[in-house]
Structure formats: C-alpha cells, structure tokens
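Reader: I am in my first year and still learning to read models like this one. Could you take a close look at how helices pack here, and then at whatever else goes with that?

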Amino acid sequence: MAADQYLLEYFTAMDNQGGIIVREPPKLDLDLYISNYKGRTRFDRLLLIGQSSVPLCVDALKAAVNEAKRGKDVSRYREAWECIRTAAPNEPEAQWDEAWATATDKANKAETRRLETELKGYKNNLVKESIRIGHRDLGEHLESIGDLNAASETYIKMRPDASTQSHIQDVGKHIVSVLLQKQDWPGVLANVNKVLAVNTTPEEQSAEQPYQKMVSGLAHLGLSEYYEAARCFLEVGDPAICQRHNDIISPNDVATYGGLLALASMDRLELQSRVLDNSGFRNYLELEPHIRKAISMFVNGRYSACLGILESYRNDYLLDIYLQKHVAAIFFQIRSKCIVQYFLPFSCVTLDSLNAAFAKPGGSIEPELINMIRSGTLNARINTIDKLLVAVSTNSRAAMQKKALDAAKNYEKEAMERIRRMNIVAADLEVRPPRKSASGGTGNLPGVGDIWQDDSRSQLVSGESNA
C-alpha cells in the first residue's frame with residue numbers, strides 16, 4: 001500500500017474523531033519551532049502537529065516518538081506509536097520497542113516505591129522541610145511518568161509544610177503545571193491568584209510577573225475570555241524572563257496570542273495605545289513582525305490587507321496546542337470588526353465593493369452579512385434589488401425622548417424611596433441596632449447594662465442626699 005494511502009486512512013480516522021486537519025503546508029519550520037520549548041510541552045506540540053498537519057505528519061510523529069523515549073512516560077510513547085503505525089507503518093519508529101517500555105515501566109515503579117519510602121521516613125522524623133522536599137520529589141516523578149492526578153494530590157500535600165513565601169510560590173507553580181496539562185482553566189486561575197496574593201518585594205514581583213501573566217492569559221484564552229487574555233499577554237513584561245518559562249509557551253507565542261486576541265477584542269484606540277505604543281510589548285512584536293503589520297493595517301483602515309496577512313498564517317495557528325480550538329472564533333471576530341469598521345463611515349455600500357474587499361475570489365459576502373445582521377453585529381439592511389448594504393439610521397429624537405423618560409422614572413423612584421424613608425423615621429418604625437453596654441461583663445444580654453447603670457446612679461444620688 002502506498003504511503004499516501006496510509007496517510008489518507010489516518011487522517012480520515014482523525015477527521016471522524018472531530019480533529020482539525022490542516023492540508024496546506026504551514027510557514028513554520030518544525031525543527032526551529034520545537035527548539036523554542038523544553039519539558040513536556042514539546043511532546044504535546046509534536047503530537048498535535050502529527051495529528052493535524054498532512055505535510056508535517058510523519059516528521060512530527062517520528063520526533064514525538066523519539067521525544068517520548070527520552071522521557072519516562074510509557075503512555076505517551078504508546079500514544080505516539082499508535083499514531084505513527086497507522087500513518088507510516090514502514091518507518092523504523094513504527095516498530096514497538098517492548099524492551100524499552102518494559103524497562104522504563106519497571107524503573108518507574110521502583111523509583112516510585114523508593115520515593116514513597118523516603119517520604120515515610122521524613123514523616124516519622126517530623127522535619128517539615130524534609131517532608132516538603134519529599135512531597136515535591138515524589139510529585140515531580142509522578143508528573144514525569146504521566147500520573148497527573150497523583151502528582152496534583154502530592155503537590156497539594158506540600159502546602160501545610162510550606163513555611164516561606166518562596167515555598168508557597170513553588171507549590172503554586174507545581175500545581176499550575178499539572179493543571180495546565182489537564183487544561184483545567186478555572187483551577188489554573190485559582191492557583192495563580194494564590195501565587196499573586198503572596199506578599200513579595202517589587203523586585204520579586206517584576207521577576208514573577210511574566211509567569212503569572214502568561215499562565216493567567218492561557219487560562220482566560222481557554223475560557224474564551226479574549227479581552228482579559230489579551231490584557232494579560234500585553235502585560236507579560238521582559239522577554240528574557242519569559243524565555244525561562246518556555247516549558248509553557250515561548251516569547252513568540254506571547255506575541256502571537258497577544259496580537260491576535262487584541263485584534264479580536266479591542267477597538268482601534270486601544271490597539272494603538274495598548275499594543276503599538278506599548279514599549280514593553282514592542283519587544284515581543286519584533287519576534288513576530290507579521291502580527292505588528294496586521295495590527296498597523298487595521299489601525300490605518302486597510303482591512304483587506306490585515307485579513308490577508310492573518311489568513312496566510314492561519315495554518316500555523318491551527319497547529320498551536322492552545323490556539324487551535326479558538327482560531328475560528330478569533331478570526332470571525334476580527335473579520336466582523338473589519339467589515340463593521342469598513343462600513344461605518346458610509347450610509348450605503350455596494351455589495352460588489354464589499355465582495356472585492358472581503359470575499360474570496362468568485363465568492364459572495366452576502367450570507368456572512370445576513371448572519372451579522374441577524375446577530376446584531378451589523379446595524380444595516382441589504383437592498384437585494386440595487387445590491388446595496390444600507391445603514392439603518394437611528395431616530396435621534398426618539399432616542400433622546402427615551403433617555404429623558406428613563407431619567408424621569410429613575411428620579412421618581414428615588415423620590416418615592418426618600419419619602420418612604422422619611423415616613424418610617426417619623427413613625428418611629430426604624431429598626432435601630434442594639435446599644436452597646438458600658439460594662440464588659442454584661443455579655444450580649446440587651447438592657448442589662450442599662451439596668452446596672454440606673455441602679456448605680458440611684459445609689460449615688462441617695463448617698464449624696466444622706467450626706
């Protein structure tokens with residue numbers, strides 16, 4: 001069977017499972033791209049490319065198999081092997097390495113028992129720092145072999161023994177690392193906020209800001225909160241510090257995520273002030289000049305050129321582990337903004353001019369305009385006879401009258417509330433808080449302090465009269 005036939009069957013199965021298939025070659029170079037990362041994210045990215053990109057499938061899966069065998073996670077090796085034995089069964093990497101799998105699994109179990117035994121010894125000695133280190137070592141081992149649930153539970157057990165601020169931050173980072181791999185975005189935000197709540201010096205805050213902003217941005221992106229995610233990525237800070245955390249994302253990813261999400265969620269003024277004029281984010285835009293060019297095109301009103309630049313890089317975005325699921329929604333929001341901004345200065349625009357600016361060659365933009373009008377994104381109507389998109393003029397007089405009526409109703413409501421309050425006070429129906437007793441021994445019993453004060457005052461008066 002030909003190699004193309006194997007690939008066809010493989011990607012047909014992936015498509016049936018709901019996967020995203022990229023048939024055109026991307027602009028990225030696989031070796032240069034993966035060299036930007038370290039840690040477990042390398043395998044995740046290689047496997048995603050192997051499951052999504054037709055041109056890079058075999059190379060990515062071969063690299064994923066080799067990456068898995070450099071680690072200790074047998075389940076990852078099995079996952080990559082099952083993919084490559086279907087896509088390219090004649091490759092050497094498609095042969096199951098039973099000796100490596102058996103030896104690695106045996107070594108993993110022995111290491112787990114050793115670390116658990118050491119941890120029991122630390123607990124018997126009651127040394128908090130040793131217990132914390134024992135939990136950390138066991139958690140890192142469990143994470144490296146792919147047992148993420150057990151690793152998360154072990155990291156959580158570090159918290160009672162974390163005695164310094166650096167220890168608390170270390171616990172939070174380990175838990176966040178596991179939650180990112182599980183894509184538990186609410187949990188990521190909760191634990192990042194705990195790290196942020198730690199009182200640190202300004203120098204420590206500036207050193208931790210890139211990590212905190214990157215992780216928060218990824219969590220907001222995973223929750224489809226594009227505006228909050230864009231703000232986080234735009235505030236990451238020093239790219240040199242960001243590079244230290246390339247086991248999560250790289251500085252190039254920060255530029256791509258921040259630029260795309262800003263285009264999708266911010267208006268022209270915010271794009272100019274928060275992105276193009278942002279001295280801190282300018283260093284990231286230099287890593288991805290096409291993002292800066294696309295934003296500049298949008299700000300300058302060259303919408304078709306902006307969309308053309310982004311479309312040329314769509315295949316690259318579809319091969320990103322965090323961005324893939326959101327590419328369609330992000331591109332739809334950017335495209336809708338471009339159409340609205342293009343139409344905004346005019347009372348009517350011909351459909352031919354819109355097709356020339358936004359439609360594919362030989363296509364029509366009319367169905368897209370209908371969906372935008374129905375969703376309320378575009379305030380216009382289509383004149384099918386004259387082939388025009390006509391703006392719906394708002395009745396300024398009716399809007400002003402509605403605003404005046406709303407203000408009068410709010411004034412009336414507030415006046416009635418004030419009158420009701422005055423009547424309640426005048427009728428002595430106001431519920432007052434209980435008076436605090438002057439004596440500390442009266443407790444919460446109402447009126448006891450007043451009785452004792454009255455008795456003591458009467459005794460004092462009687463004593464003065466006798467004198």
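Author: What follows goes through two helix pairs, then a histidine, the cysteines and the confidence of the model. This is a predicted model, in which local features need pLDDT of at least 70 and side-chain atom pairs count only at pLDDT 80 or more, while totals for chains, interfaces and linings use all residues. Residues are numbered from 1 along each chain as its sequence is written, and side-chain values use heavy atoms, with hydrogens and water left out.

Two packed helices are described by the angle between their axes and the distance between the axes. Helices here are DSSP runs (H or I, at least four residues), numbered from the N terminus. Axes are lines fitted to C-alpha atoms over the stretch in contact, and angles run from 0 to 180 degrees between N-to-C directions.

Take helix H1, residues 3–16, and helix H3, residues 41–52: their axes lie 9 Å apart at an angle of about 105°. H1 and H3 are therefore roughly perpendicular (65 to 115 degrees). On the H1 side, Tyr10, Phe11 and Met14 meet Gly50, Gln51 and Ser52 of H3; contact means heavy atoms within 4.5 Å. Sorted by class, this contact of H1 with H3 has three nonpolar residues, three polar and no charged ones. Nonpolar covers Ala, Val, Leu, Ile, Met, Phe, Trp, Tyr, Cys and Pro, charged covers Asp, Glu, Lys and Arg, and the others, Gly among them, are polar.

For helix H12 (residues 226–234) and helix H15 (residues 268–276), the angle is about 30° and the axes are 10 Å apart. H12 and H15 are therefore roughly parallel (under 35 degrees). Here Tyr227, Arg231 and Leu234 in H12 meet Glu270, Arg274 and Val275 in H15. The contact of H12 with H15 has three nonpolar, no polar and three charged residues.

Helix H17, residues 289–299, holds His290. His290 counts as buried because its relative accessibility is 9%, buried being under 20% relative accessible area, exposed over 50% and partly exposed in between (1.4 Å probe, protein chains only). Leaving out residues up to four places away in sequence, His290 touches Ile309, Tyr313 and Tyr317.

As for disulfides (pairs of cysteine sulfur atoms within 2.5 Å), a search of the whole structure finds zero. Cys83 is in none, and the nearest cysteine sulfur, that of Cys57, is 8.1 Å away. Cys83 is buried at 7% relative accessibility, whereas Cys348 is partly exposed at 37%.

Last comes pLDDT, the predictor's confidence in each residue, from 0 to 100. The protein averages 85, and 91% of the residues score at least 70. Over residues 456–461 pLDDT stays under 50, and the model has zero contacts for them beyond four places in sequence.

Conventions
Helix = DSSP H or I, 4+ residues; strand = E, 2+ residues; numbered from the N terminus. Parallel < 35°, antiparallel > 145°, perpendicular 65-115°, else oblique.
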